[in-house]
Amino acid sequence: MNFLTRNLQRFAINKLRRNNFEAISLRRTFVASAIDSGSNQDKFKMDEFNKEKLKERLTPLQYHVTQEAGTERPFTGKYNKFYEKGTYVCVVCHQELFSSDTKYDSGCGWPAFNDVLEQGKVTLHNDPSLGLVRTEVRCSKCQAHLGHVFGDGPLPTKKRYCINSASIEFMEPGTEKK
Ligand SMILES: [Zn+2]
């Protein structure tokens, strides 16, 4: 094999690798967007999601948790030991998310729910931050960060939706709809 042939071969192999890499990246992007797309997020008015407006409307902690995937300090949230009967809505877009019927005291320091109000109210995302593999929970309508879900909850679902108080707002029965 002469020098020119070798170079041509190397060029061809590199191009093949590059194409393959691009195909994999493209597939990853597609899968990620498929996971990320909430069922009714299109209906959400993007204007209300304007970061500056949100900063005015939310407290710094509410903004940090919902928009920057922050976490309130354990045992400090207003709904940690709160057990009134009603519904919890997203603090950003007011979509109904959880019912007090599934709220329980997990002892973890954050509000814990055994289930979501209805399927499709939240979306789940892999969260590899902090060197752990956790499942992040977001509002399906506005993509606000809510918390994480773990598999160590009580029956019937065995799920523990560990949710920041700063991401949700309690509504008494009959006042949920806004
Ligand atoms: Zn929301």
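Guide: A nonpolar core is a set of buried Ala, Val, Leu, Ile, Met, Phe, Trp, Tyr and Cys residues joined through C-beta atoms within 7 Å. A residue is buried with 20 or more other C-beta atoms within 10 Å of its own, exposed with 12 or fewer, and partly exposed in between, the C-beta atoms being placed from the backbone. The model here is predicted: local features require pLDDT of at least 70 and side-chain atom pairs pLDDT 80 or more, whereas totals for chains, interfaces and linings use all residues. Numbering starts at 1 in each chain and follows the sequence as written.

Visitor: Which residues of the largest nonpolar core touch the most other members?

Guide: They are C90, L97, C139, Y161 and I168, in a core of 27 residues. Strands 1 (87-90), 2 (96-99), 4, 6 (134-139), 7 (145-150), 8 (160-163) and 9 (168-171) each contribute at least two residues to this core. Strands (E, at least two residues) and helices (H or I, at least four) are DSSP runs numbered from the N terminus. For the protein chain as a whole, 29% of the 178 residues count as buried.

Visitor: What does C90 touch beyond four places in sequence?

Guide: Contact means that two C-beta atoms, placed from the backbone, lie within 7 Å. By that criterion C90 touches Q95, L97, C139, K141, C142, A144, S167 and I168. As for the protein chain, among contacts with a separation of 6 or more, 58% join residues 24 or more positions apart.

Visitor: How should one read the order of elements along the protein chain?

Guide: The pattern is α-α-α-β-β-β-β-β-β-β-β-β, that is, 3 helices and 9 strands. In helix 3 (residues 60-68), the buried residues are Q62, Y63, V65 and T66. Those residues pack against helix 2 (51-57) and strand 7. A69, just after helix 3, takes a positive phi of about 55 degrees.

Visitor: In what order do the strands of the 3-stranded sheet stand?

Guide: Strands count as paired when DSSP finds at least two bridges between them. The open sheet of 3 strands has the order 2-1-9, with antiparallel pairing. Strands 2 and 9 are at the edges with a single partner strand each, so one side of each lacks a neighbour in the sheet. Strand 1 is joined to strand 2 by 3 bridges and to strand 9 by 4 bridges. Y88 is a useful reference point, since it stands opposite F98 in strand 2 and opposite F170 in strand 9. The hairpin of strands 1 and 2 leaves 5 residues between them, and H94 in its turn has a positive phi of about 70 degrees.

Visitor: Which strands stand at the edges of the sheet of 6 strands?

Guide: That open sheet runs 3-4-8-7-6-5 with antiparallel pairing. Its edge strands are strand 3 (103-104) and strand 5 (122-127), each paired on one side only. At one edge, strand 3 is joined to strand 4 (residues 112-113) by 2 bridges, and Y104 stands opposite A112. At the other, 6 bridges join strand 5 to strand 6, with D127 standing opposite R134. The hairpin of strands 5 and 6 has 6 residues between the strands, and L130 within the hairpin takes a positive phi near 65 degrees.

Visitor: Is L124, in strand 5, buried, exposed or partly exposed?

Guide: L124 counts as partly exposed because it has 13 C-beta neighbours inside 10 Å. Leaving aside residues up to four places away, L124 touches T135, E136, V137 and V149. Its C-alpha atom is separated by 5.6 Å from that of E136, 12 residues apart along the chain.

Visitor: Where are there notable backbone angles in the loops?

Guide: Most residues other than glycine have a negative phi, and most peptide bonds are trans. In the loop between strand 7 and strand 8 lie P156 and K158. The peptide bond from L155 to P156 is cis, with omega near 10 degrees, and K158 has a positive phi near 65 degrees. F75, in the loop between helix 3 and strand 1, also has a positive phi near 65 degrees. K158 is exposed, with 11 other C-beta atoms within 10 Å; F75 is exposed as well, with 11 such atoms.

Visitor: Over which residues does pLDDT stay under 50?

Guide: pLDDT is the predictor's confidence in each residue, from 0 to 100. The protein chain averages 83, and 71% of the residues score at least 70. Over residues 19-39 pLDDT stays under 50, and the model has 8 contacts beyond four places in sequence for that stretch.
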